[in-house]
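The following paragraphs lead through the strands, the helices and the core of one protein chain. The reader is invited to keep the sequence and the coordinates at hand.

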Amino acid sequence: VLICTPDPEAELSLRSFAENHPTVSEVRVVDTWSEALGAAKRFEVLFLDARIIPASDALDRITNGTSVILLARDPNDCRRFRGSRVRSCLITTVSWESFQWTIRSLQPMYLEAGA
C-alpha cells in the first residue's frame, strides 16, 4: 500500500489500518505527487489525496497495475475524477470499516492476476 496525502490525520489512520491488515505486506508514505508517481509501480494500491493531483489526465501516468483509491474531503472530488483511473473513492476521515471494504473489494482482482 502506498499512501499520499497532505492530511496528517488521514495518513496516520491509513498507515495504522494498513499495518494492521493481514493481507497488506508493505506500507509506504510519500508526500508529493511526483513521489507517488515514481513509487506507484512498486505497489498494488495507491491511496491518493485528490488535492495533490495536478490534473484529471495526470492519473493516466500511473502504472496500470496500480489501483488508485481516491481520498476526498468532498464528494464532488469523487465525481470530478469519475471515468479516470480511480478504482474507488473514500471520503475522509476514513474509518476502519471503509478501509477493510476497499481492500476486500480489490483482492479478487489480484487473486485472478496471480493465478
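Two strands are said to pair if DSSP finds at least two bridges between them. The model examined here is a predicted one. With that criterion in place, the sheet can be followed strand by strand.

Strand E1 (2-4) and strand E3 (45-49) run parallel and are joined by three bridges. Within this pairing, Cys4 has Leu48 of E3 as its bridge partner. Leu2 also belongs to strand E1, and its relative accessibility of 0% places Leu2 among the buried residues. The C-alpha atom of Leu2 lies 17 Å from that of Thr93, although 91 residues separate the two along the chain.

E3 in turn runs parallel to E4, and five bridges connect the two strands. Val45 is matched with Ser67 of E4 as its bridge partner, while Leu46 is matched with Val68 of E4. On its other pairing, strand E4 (residues 67-72) meets strand E5 (residues 86-91), again in the parallel sense and over five bridges. Between E4 and E5 the chain passes through helix H3 (residues 75-80), and the resulting β-α-β crossover is right-handed. Two positions illustrate the register of this pair: Leu71 stands opposite Leu90 in E5, and Ala72 stands opposite Ile91 in E5.

How are the faces of E3 and E4 covered? In E3, Val45, Phe47 and Asp49 on one side are buried, as are Leu46 and Leu48 on the other, which leaves both faces covered. Because five of the five residues of E3 are buried, this strand is largely enclosed by the rest of the structure. E4 is likewise mostly covered, with six of its six residues buried. One side of E4 carries Ser67, Ile69 and Leu71, and the other carries Val68, Leu70 and Ala72; both sides are buried.

The discussion now turns to the nonpolar interior. In soluble globular proteins, nonpolar side chains tend to be buried together. The largest nonpolar core of this model comprises 20 residues, and those with the most contacts inside it are Trp33, Leu46, Leu48, Ile53, Leu59 and Ile62. Two or more residues of this core come from each of E1, helix H2 (33-39), E3 and E4. Helix H2 gives the most, contributing four residues. Leu59, by contrast, is found in the loop between E3 and E4. Residues with under 20% relative accessible area count as buried; Leu59, at 0%, is therefore buried. The C-alpha atoms of Leu59 and Arg104 are 23 Å apart, with these positions 45 residues apart along the chain.

Helix H1 (residues 8-19) permits a simple check of geometry. At 1.5 Å a residue, its twelve residues should span 16 Å, and the end C-alpha atoms are indeed 16 Å apart, which agrees. Which residues of H1 are buried? They are Ala10, Glu11, Ser13, Leu14, Phe17 and Ala18. These buried residues cover an arc of only 170° around the axis, so they lie on the same side of H1. An α-helix has 3.6 residues a turn, and residues three or four places apart therefore point the same way. On the other side of H1, the exposed residues are Pro8, Leu12 and Glu19. At the start of H1, a side-chain oxygen of Asp7 comes to within 2.9 Å of the backbone nitrogen of Glu9.

One peptide bond remains to be considered. Most residues other than glycine have a negative phi, and most peptide bonds are trans. The bond joining Thr92 and Thr93 is cis, with omega about 10°. Thr93 is located in the loop between E5 and helix H4 (96-114).

Definitions and conventions:
Residues numbered from 1 in each chain as written. Predicted model: local features only at pLDDT ≥ 70, side-chain atom pairs only at ≥ 80, totals over all residues. Heavy atoms only, no water. Right-handed = clockwise from strand over helix to strand, strands pointing away. Expected span 1.5 Å × (residues − 1). Buried < 20%, exposed > 50% of the residue type's maximum accessible area, 1.4 Å probe, protein only. Arc of directions from axis to C-beta. Polar contact = N/O pair within 3.5 Å; in protein donor to acceptor, adjacent residues only side chain to side chain. Core = buried A, V, L, I, M, F, W, Y, C linked by side-chain atoms within 4.5 Å.
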